[in-house]
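Please look over the sequence and the structure shown below before reading on. The report after it goes from the whole chain to single residues.

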Amino acid sequence: MREQRGTREALAALEECAGHMAVLFLADLEVGTHPVEFLKEYRKLIERAGQYLPALWESCYRNRTGTLLDQYTLRVIETYRESGIEWESREGNEPQDYFGIECLHLTFLLFLLEETREQALEGNILHFLEQHLEWFAEQLREELGKRYPYFAGEIQRLLEKIWEGKKALKEPAKRGTSWCISRQQLPEALCRFYSKHPELRELGVSAIPAKETVRVKKRGGGCWNNCGSSCLREVTAVDGCILKAESARTEEPQEERLTTCIRGMHGAHTFLTADRLRYPLLRVGKRGSGEFRRISWEEAIAWIQKENRRIKETYGPWSRYVAYSTGVVSEVRPDAVIRRFLSLDGGYLDFYNDYSAACISYITELMYGTRKTGNSIEDVVNANLILVWGHNPLETGFGPMMRKMLVKAKKKGIRIVVIDPRCSDTAAYAGEWVPIRPGTDGAMAAAMAYVILSEKRQNTEFLHRCCMGFDRETMPEAYREQETFEDYILGVRDGTPKTPDWAEQITGVPAAKTIELARAYAEAKPAAILQGCGPQRQENGEQTARMIAALSCLCGYIGISGGRCGAEDAVVQYPHAAFPRGENPYPGRIPCYLWTKAVCEGIRMRPVEDGLLGVDQLQSNIKMIWCLAGDTLLNQHGDINATKQILEDESMCECIICSDLFMTPGAMYADLVLPGASCFETENLTRAWQEGDFLLYNQKYVEPLFESRYEYDWIRDLAVHEGLEEAFSEGHETAEAWCRTLYEELRNREVSSGEKPFAEMLSYEELRQQGIARYPKRDPVIAFREQIEDPKQHPFPTYSGKIELFSPYIYHLYEEKTIAPIPKYHPWGKASEVSEAGTDRFPLVGWHTKVRTHSCHDNNRVLQSKEPQAVWMHPEDAKRLGVGEGGRIRLENRYGKTEAAVKLTERITSGVLAMSQGAWYCPDEEGVDRKGSINVLTTLQPTPLAKGNPQHTIWAEVKKAENPEPRNPE
Ligand code: SF4
């Protein structure tokens with residue numbers, strides 16, 4: 001080593017500077033120790049108390065996807081190992097390519113060089129600088145740029161010291177040589193290192209002897225997403241870094257394999273990313289300001305305990321509410337776990353309904369007396385015609401068999417027709433797309449009914465035997481004077497026969513097409529309607545869903561193979577291994593879409609008007625919200641701007657606790673934000689929504705990142721503090737321990753005679769190893785076969801024992817003021833109006849894109865590049881508006897404003913716009929969302945009967961946007 005003074009000074013200066021950088025990026029800095037402006041930067045950057053933050057890990061700049069713990073992280077670890085060490089966090093799992101750790105590594109190497117004068121060590125240092133830290137520092141300095149001037153300046157200082165240090169090293173270093181500290185030398189060397197740099201002792205990261213490489217390949221459940229499917233994924237991890245995630249190749253025939261979709265394949269780019277929350281964060285600024293400070297888990301639990309007690313004692317246990325959330329739909333799911341705790345702690349206000357299918361679920365039960373109305377999906381290939389109505393399983397998922405069966409049906413030559421405002425991937429695959437204006441599906445179904453009735457193609461025998469309210473003959477005595485379904489369709493009372501010409505004016509579907517489709521449907525014998533959730537997630541959702549389902553009744557396609565009831569179609573063939581939520585002592589329940597109303601004026605909510613169940617009146621407004629693994633707190637709820645105002649007012653809901661992987665738009669409005677663990681970091685059991693004859697075991701591939709904890713773990717801590725642990729855990733220390741118990745309980749369940757026992761399923765250990773256990777196969781279900789074959793012995797589970805086209809319940813509930821007791825087309829607001837030429841006002845349809853599951857995956861850069869957020873616009877409309885491909889437009893209405901790029905396509909009908917839902921809300925200083933978050937345009941007003949969400953009912957004005965596309969604003 002050269003002994004010139006300048007050389008040693010340069011290296012000493014670099015050592016000091018790298019040590020300083022390690023402190024800056026690794027120490028828990030206290031208020032008062034630094035200027036306020038610096039602390040603001042520190043909180044955002046280091047504590048990750050904000051949204052859209054620059055990454056601090058080398059892998060993210062190498063892979064450009066922001067992904068942690070990948071092959072690039074592994075390369076850094078391997079470089080450390082060349083010197084005989086690696087770095088381990090005392091708490092949490094910090095990836096070793098974190099900037100602070102790389103600086104610490106450099107400090108240590110320079111210290112060793114100074115101590116040992118080992119010339120070969122210069123090779124290690126040069127290699128590390130050139131291959132890693134220097135390049136990384138340059139990237140990071142660019143990224144921090146003007147928004148983090150203090151940190152950017154410090155990195156520039158480090159770079160200058162690196163450049164000087166490299167000059168000092170370059171000449172004598174022999175490339176290719178390296179030096180390795182031995183296990184025996186390390187403890188003593190560390191002692192001396194920390195004596196020289198005492199400020200580095202408490203950083204929470206320590207050098208340990210390099211470990212042997214550990215390579216694991218495991219097969220298990222894919223993402224925990226609420227897509228309905230559940231897939232089998234195989235992951236290869238080396239030393240805690242994920243190198244490969246792919247569909248598991250099993251021995252099963254292709255049509256039974258649970259292959260992953262692109263979301264599952266790129267799951268690591270969603271869940272193991274730089275935008276993960278690192279620590280518990282307590283709000284220090286106003287709600288929504290994004291100002292938080294890092295606290296420890298002990299402080300977080302103490303804070304929750306204090307707030308939970310205060311709210312319970314001041315307002316009663318019923319003032320506590322668990323938000324609807326589906327970020328984790330495995331068996332031990334966070335919202336179920338907190339419910340169990342609250343049930344033991346005095347109870348809470350619960351909800352019913354969901355954000356997906358409130359209207360169709362409601363009307364299915366009303367018409368058929370049960371929601372279990374589906375034929376098994378395998379049976380769809382026995383239909384002679386399949387109408388896929390507002391449904392898009394090829395993109396969304398919707399059960400593991402749905403896509404496969406549509407493919408099988410198509411191969412078999414069965415005609416598949418997709419009715420949708422947008423030519424979805426499902427429509428494109430089917431090869432027959434009927435474009436329709438949003439919210440007008442009821443009119444098209446009514447017109448099809450008109451064709452069937454006027455041409456006497458209906459199954460009158462079935463209608464008279466099984467249905468109530470079709471015609472006068474099937475009308476109960478007490479309602480003889482009321483309008484029948486037939487009256488309405490033929491226009492007997494209102495003077496408007498629901499002809500295809502009448503419908504064309506509303507739907508935009510040519511009358512000839514409606515006639516052809518109605519005839520084909522009636523002639524198919526049988527035909528199956530697969531009704532999706534799209535048509536009913538509208539302000540006229542109940543009536544739309546009923547009208548579509550009524551077509552199945554008209555032709556008598558119920559209770560037979562190849563037919564379907566046309567409504568919700570649920571099939572429950574195999575039981576859950578569900579986590580026990582406990583008995584909630586409080587009986588009150590609200591519709592989930594009305595939680596904002598329950599925050600503002602819960603005590604004024606009423607049973608009929610607001611759908612309040614279990615009690616006549618609430619005793620308190622909602623004062624505390626637990627939102628775990630979901631964002632119906634803001635992003636996925638209606639009218640984001642109004643919801644924000646409600647959340648901002650701390651006098652209304654006094655305490656909001658969020659647990660999530662990221663600082664989501666909703667988490668920004670929480671008082672306490674807790675870092676959760678992802679599907680790569682925790683074990684669980686997962687099954688498909690329905691139609692899945694399997695259970696999946698979710699494997700743990702890596703340790704929870706940073707200080708993340710799965711919700712079960714910290715809720716159990718809370719139970720310990722409240723003296724409820726015994727009842728809460730029943731001896732289960734972890735979620736995994738529950739999985740074992742739940743699975744064993746499932747295997748021991750009794751079955752009906754003639755059915756194979758569940759004990760035939762794999763043992764728990766085999767399940768853990770193989771990742772999947774199949775249930776003993778059961779015969780496919782044909783719903784209502786008995787009711788149709790022998791209605792006297794097997795009445796439908798409705799009040800009348802028949803399918804209720806006329807609903808006495810609705811008649812008495814509303815007396816026709818709000819919604820008719822028979823299916824009718826009901827226009828939404830002004831949605832039935834055609835976009836007039838010259839106006840820039842459009843109905844806007846939201847859809848579920850293949851690159852997200854609701855709001856999940858919006859942070860995934862790989863997926864977003866495959867289908868960037870955009871407004872779909874027909875070229876004719878674009879020409880009239882003067883916008884081109886990629887041009888940015890602003891969509892606005894009375895609820896808010898959002899901007900997004902335009903995608904010109906003939907896959908959307910003219911006069912209609914479409915934009916996928918789920919993009920994360922990202923407002924600028926003027927409150928304009930800049931990333932196409934659709935819920936700034938939706939309403940808080942629920943649907944009239946089910947009190948469901950009408951989030952597909954949107955009118956928006958279109959203007960050209962003046963702002964360029966945003967680049968990670970904060
Ligand atoms: S999103 Fe659904 S279909 Fe896609 S990989 Fe995950 S579980 Fe499978």
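What follows describes a predicted model, starting with the chain as a whole.

**The chain as a whole**

The chain holds 33 helices and 28 strands. Its radius of gyration is 31 Å, close to the 30 Å that the globule rule gives for 970 residues, so the chain is as compact as a globular protein of that length. The C-alpha trace spans about 105 × 65 × 60 Å along its principal axes.

Of the 970 residues, 64% count as buried. The chain exposes about 35,900 Å², and carbon and sulfur atoms supply 48% of this area. Contacts can also be sorted by distance along the sequence. Among contacts between residues at least 6 apart in sequence, 74% join residues at least 24 apart.

How confident is the predictor in each residue? The mean pLDDT of the chain is 94, and 96% of its residues reach 70 or more. Over residues 830-838, however, the pLDDT is below 50. In the model this stretch has 15 contacts beyond near neighbours in sequence. Where pLDDT is low, the predicted coordinates should not be read in detail.

**A sheet of three strands**

One open sheet has three strands in the order E3-E4-E5, and their pairing is antiparallel. Strand E3 (215-221) and strand E5 (241-247) stand at the edges, each with a single partner strand, so one side of each has no neighbour in the sheet. On average, neighbouring strands of this sheet are turned by 20° against each other, direction ignored.

Strand E4 covers residues 232-238 and is joined to E5 by six bridges, with the two strands running antiparallel. Opposite Val 235 stands Ala 245 in E5. A helix is also placed against these strands: H4 (residues 71-82) lies across E4 and E5 and runs at about 150° to E5.

**A covered strand and a covered helix**

Strand E24 (residues 870-873) is covered on both faces. Ala 870 and Trp 872 are on one side, Val 871 and Met 873 are on the other, and all are buried. E24 pairs with strand E26 (residues 896-904) in the parallel sense over four bridges. The bridge partner of Val 871 in E26 is Val 902. E24 is also joined to strand E27 (residues 913-916), by two bridges, and these two strands run antiparallel. In E27, Ala 914 stands opposite Trp 872.

Helix H13 (residues 358-368) is mostly covered, as nine of its 11 residues are buried. Among the buried residues are Cys 359, Ile 363, Leu 366 and Tyr 368. Gly 369 follows H13 and has a positive phi, near 85°.

**Residues in loops**

The table places four residues in the loops where they are found.

| Residue | Element before the loop | Element after the loop |
|---|---|---|
| Leu 349 | helix H12 (334-344) | strand E9 (350-352) |
| Lys 456 | helix H17 (441-454) | helix H18 (460-466) |
| Pro 526 | helix H21 (511-524) | strand E14 (528-531) |
| Glu 730 | helix H27 (725-729) | helix H28 (735-747) |

Lys 456 is not a glycine, yet its phi is positive, about 55°. Is Lys 456 buried or exposed? Its relative accessibility is 70%, and residues over 50% count as exposed, so Lys 456 is exposed. Glu 730 is another residue other than glycine with a positive phi, near 50°.

Pro 526 comes after a cis peptide bond: the bond from Lys 525 to Pro 526 has an omega near 10°.

Leu 349 has a relative accessible area of 1%; buried means under 20%, so Leu 349 is buried. Which residues does Leu 349 touch, not counting residues up to four places away in sequence? They include Pro 317, Trp 318, Arg 320, Tyr 321 and Val 322. Tyr 586, Gly 588, Arg 589 and Ile 590 are also touched by Leu 349, as are Leu 618 and Ile 622. Leu 349 and Leu 618 are 269 residues apart along the chain, while their C-alpha atoms are separated by 8.9 Å.

Terms used:
Residues numbered from 1 in each chain as written. Predicted model: local features only at pLDDT ≥ 70, side-chain atom pairs only at ≥ 80, totals over all residues. Heavy atoms only, no water. Pairing = 2+ DSSP bridges. Axes fitted to C-alpha atoms, helices over the stretch in contact; angles between N-to-C directions. Contact = heavy atoms within 4.5 Å. Rg over C-alpha atoms; globule rule 2.2 N^0.38 Å. Buried < 20%, exposed > 50% of the residue type's maximum accessible area, 1.4 Å probe, protein only. Areas by Shrake-Rupley, 256 points an atom, 1.4 Å probe, with all protein chains shown as cover. pLDDT = per-residue confidence, 0-100.
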